[in-house]
Amino acid sequence: MEQLIEQLKQQIIESLNFEDMTPADIDADAPLFGEGLGLDSIDALELIMLLDREYGIKLADPKAGKAIFKSVRIMAEYIQANRTK
Amino acid sequence: MAEQAWNGQTGGTHWMQRTLVGLIRCVGIQAVYGIMHLWLVWYVFARPDVTRGAYIFHRRRGRNRFLAAIDVYRSYYHFGKVIIDRFAVYSGYRFDIVAEHTERYYDKMNSHAGFILLFSHLGNSEMAAYSMATPGKRMNILAFGGETPVVMEERAKVLEKNNIGMIVVNPGDISHIFEINESLNRGEVLAVAGDRRMGDKTIDCTFMGGTAPLPAGVFQLCAAIRCPILLTFVLKEPKNKYHIYMEELHINTTLPRAKQAADLAQQYASRLEQMALEHPYEWFNFFDFWNQPHKAVK
């Protein structure tokens, strides 16, 4: 799980173009939206596309999607349970 | 100090808007255009903020104070007609539509891939949706959640008959992003305005001799999704006609990713400027377009 979290942090940094950040700068348990990383709706789109591209996970339900994007750890747990590639 | 931005609502109370639909059905659209003058004279003085916004646009295009003041009235008259036309469609009225360079549009409508239809508040873009929607491909209009209930309700009814849905953007919520992604994955069309604020973030663009903030989210969305983008203008002509102009915009993939949305926004702004100068009375962004509260992104 920890390895997947680190990989996911790296992918988030690349997808969202956080040039000055390293995986160590992201708290796996901090909220991604609002406080914490403070992502916006376009960042959410990048995360949706990241899950589809890298893990074959398609998120269509906004309610479920928002629950998954609570933190990097929750995303990683969802990926582990639902990945198709 | 930045001025208050347009709140995104079509004016009038529930009762007034219902009356308008009834009036069009009873006396016909030309008579309603005539009656509108009474309302326009009142509106010029009743909404000084809106009048000032329209005046700023005409001054920006080089009109002197006197001519700009007359042009405000002419803009209001055109805007009134477009609003009446919108309600006329709700009551079943049909307009003649002339469309140019629509081959790409119909190619895309016949393909299985999704694409973005980028429109503006120059003219009456909603008319294109009604006339160019097809039963085989659903279109979704990205709508600001702040419209008055009657407009949303009437619009939703007519839109649905034409296989058009609405994806509503509510500030602070990301639900619309899931809906957008899913609809484009299904090969549907997303119609979105590039000249109205959606959220706080903006991209500064050169526009009519100044710098104007365009909504960053719209262009970042286009740049992120990387599907084809068709820019569309729908302009009113005399005798109940509308003219549709279409062209494809391209993401400049040679630029760094962070700059691609800004480049697309500037392509849009440049084309919007050209069309606005050619059709100045169809400019319906009645607020100080250049001085809106914003947070520019780099």
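In what order do the elements of chain A run from the N terminus on? In this predicted model, they run α-α-α-α, and the secondary structure of chain A accordingly comes to four helices and zero strands. The C-alpha trace of chain A spans about 30 × 25 × 20 Å along its principal axes. For a chain of 85 residues, a compact globule would have a radius of gyration near 12 Å, and the 12 Å of chain A agrees with that expectation.

Chain B contains both helices and strands, and a pair of its helices makes a good starting point. Two packed helices are described by the angle between their axes and the distance between the axes. Helix H2 of chain B, residues 29-46, and helix H4 of chain B, residues 65-90, have axes that come within 9 Å and cross at roughly 135°. H2(B) and H4(B) are therefore oblique to each other, and their crossing is right-handed. On the side of H2(B), the residues that meet the partner helix are B:Ile29, B:Val32, B:Tyr33, B:Met36, B:Leu40, B:Tyr43 and B:Val44, while H4(B) contributes B:Val72, B:Tyr73, B:Tyr76, B:Tyr77, B:Gly80, B:Lys81, B:Ile84 and B:Ala88. Sorted by class, this contact has 13 nonpolar residues, one polar residue and one charged residue.

The strands of chain B can be taken next. Seven of them form an open sheet with mixed pairing, in the order E1-E9-E8-E2-E5-E3-E4. Its edge strands are E1 (96-100) and E4 (164-169), each of which pairs on one side only, and from one strand to the next the twist averages 25°. Within this sheet of chain B, strand E8, residues 229-237, and strand E9, residues 241-249, pair in the antiparallel sense over nine bridges; B:Phe233, for example, has B:Tyr245 in E9(B) as its bridge partner. Helix H8 of chain B, residues 175-185, packs on the sheet, where it touches strand E3 (139-144), E4 and strand E5 (189-193), and the direction of H8(B) makes about 150° with that of E4(B).

H8(B) also leads to the place where the two chains meet. The contact takes 13 residues from chain B and 14 residues from chain A. On the side of chain B that touches chain A, H8, helix H9 (216-225) and helix H10 (257-278) each supply at least two residues, and the largest share, six residues, comes from H8(B). By class, the residues on this side of chain B divide into six nonpolar, four polar and three charged.

Note on methods: Residues numbered from 1 in each chain as written. Chains lettered and ligands numbered in written order. Predicted model: local features only at pLDDT ≥ 70, side-chain atom pairs only at ≥ 80, totals over all residues. Axes fitted to C-alpha atoms, helices over the stretch in contact; angles between N-to-C directions. Parallel < 35°, antiparallel > 145°, perpendicular 65-115°, else oblique. Left-handed = near helix turned anticlockwise from the far one by under 90°. Contact = placed C-beta atoms within 7 Å. Nonpolar A, V, L, I, M, F, W, Y, C, P; charged D, E, K, R; others polar. Pairing = 2+ DSSP bridges. Rg over C-alpha atoms; globule rule 2.2 N^0.38 Å.
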